[in-house]
Amino acid sequence: MWRPWGSSKKSPVRRIHDTSSPFSCSSFKDILHLCAEDYSPSSSSLPLSSAAKRTANVFHRVRIANSILRAWGESRPESNRKLLDSVSDRSVSVSIPDADKRIVVYYTSLRVVRSTFEDCKAVRSILRGFRVSIDERDLSMDSRFLDELKGILGKSKLSLPRVFIGGRYLGGAEEIKQLHETGELKKLLEGLSAAEPATCGVCGGYRFVLCDECNGSRKIYAEKSGFKICTDCNENGLIRCPSCSYAPL
């Protein structure tokens, strides 16, 4: 029942909580000190617990990590410029004639050396993602590609892949991956001709067909001299597809 109105007997006032403090919950008693930049345990009237000290250390580490990330982000453009300068130095000394509107990639499809195969696969995947015209030259399909590459670079021992963009030599897998991560590769590919949307109907996209002279046997028969080695095809009895393959450099 309700107490009659105007009763002379006064009930004691019960205070549920004290609102004089900014935070009534005891779990938030140190939040102002933890968030303050100039906070020090000696200046506080409330003693810090071990959990609060650990929280303060975490906040301090987060601030340090953020400052490091900002400094690292500011230094990246300088590293990008150094990378582009090194690429420009190589491209000036080594270039491919008549290849200013396309990409030329020397690679291998053999899985003998796994690291080399993975590098070749990764570079081709990156370049194909931009949907530009690519002249892929598989050394395992035609050894004459190796002679071309040696003549261009002037080296006898070479690692694969090797990439030329717009007639300029850019390097191997590491250089292409770095340029792709920094976004500079996209700038270098601007203005190149787009890739054909459909697969070649002559070779099915393999870039090679059987030799018309020897039908892939590498031997031609003549009545006077008998069998002789076909000189129109490579060691596999294949010739470059006349529809989609580029002419030798």
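Student: What is the relative accessible area of Arg 128?

Tutor: Arg 128 has a relative accessible area of 46%, so the residue is partly exposed. The scale runs from buried (under 20% relative accessible area) through partly exposed to exposed (over 50%), using a 1.4 Å probe and protein chains only. Before we go on, note that this is a predicted model, in which local features need pLDDT of at least 70 and side-chain atom pairs count only at pLDDT 80 or more, while totals for chains, interfaces and linings use all residues. Residues are numbered from 1 along each chain as its sequence is written, and side-chain values use heavy atoms, with hydrogens and water left out.

Student: How many helices and strands does the protein have?

Tutor: Helices (H or I, at least four residues) and strands (E, at least two) are DSSP runs, numbered from the N terminus. The protein has 6 helices and 8 strands, and their order along the sequence is α-α-β-α-β-α-β-β-α-α-β-β-β-β. Of its 249 residues, 30% are buried.

Student: Which way do the side chains of strand E1 point?

Tutor: In a regular strand the side chains alternate between the two faces of the sheet. In E1, Ile 103, Val 105 and Tyr 107 point one way, while Val 104 and Tyr 106 point the other. E1 spans residues 103–107, and 5 of its 5 residues are buried. E3 can be read likewise: Arg 162 and Phe 164 point one way, Val 163 and Ile 165 the other, and all are buried.

Student: Which strand runs parallel to E1?

Tutor: Strands pair if DSSP finds at least two bridges between them. E2 (residues 134–138) runs parallel to E1, joined by 5 bridges, and Tyr 106 stands opposite Arg 137 in E2. Helix H3 (residues 114–128) completes a right-handed β-α-β unit with E1 and E2. Right-handed here means that, with the strands pointing away from the viewer, the path from the first strand over the helix to the second runs clockwise.

Student: In which sense do E1 and E3 pair?

Tutor: E1 and E3 (residues 162–165) pair in the antiparallel sense, over 4 bridges. Val 163 is the bridge partner of Val 105, and Ile 165 stands opposite Ile 103. E3 also pairs with E4 in the antiparallel sense, over 3 bridges, with Ile 165 opposite Arg 168. The hairpin of E3 and E4 has 2 residues between the strands, and Gly 166 takes a positive phi near 65° there.

Student: With which residue does Arg 124 form a salt bridge?

Tutor: Side chains of opposite charge can pair when their charged atoms come close. A salt bridge is a side-chain nitrogen of Lys or Arg within 4 Å of a carboxyl oxygen of Asp or Glu. Arg 124 pairs with Glu 136, their closest N and O atoms being 3.2 Å apart. Glu 136 is in strand E2 and Arg 124 in helix H3, so the pair ties together parts that are 12 residues apart in sequence. Both residues are buried, Glu 136 at 13% relative accessibility. Glu 136 also forms a salt bridge with Arg 128, whose closest approach between N and O atoms is 3.0 Å.

Student: Which residues are linked in a network of salt bridges?

Tutor: The structure holds 12 salt bridges. The network links Arg 102, Asp 135, Arg 137, Asp 142, Arg 144, Glu 148, Arg 207 and Arg 240. One pair is Asp 142 with Arg 144, at 3.3 Å between the closest N and O atoms. Asp 142 counts as buried at 1% relative accessibility, whereas Arg 144 is partly exposed at 38%. Arg 240, in strand E8 (residues 238–240), is buried at 18% relative accessibility.

Student: Which residues of helix H4 are buried?

Tutor: An α-helix has 3.6 residues a turn, so residues three or four places apart point the same way. In H4 (residues 144–153), Phe 145, Glu 148, Leu 149 and Leu 153 are buried. Seen down the axis of H4, the buried residues fall within an arc of 115°, so they line one face of the helix. That arc is taken from the directions from the helix axis to the C-beta atoms. The face turned away carries the exposed residues Asp 147 and Gly 151. Just after H4, Gly 154 takes a positive phi of about 70°.

Student: What covers the buried residues of H4?

Tutor: Contact means heavy atoms within 4.5 Å. The cover includes E1, E2, E3, E4 (168–171), E5 (208–210) and E8.
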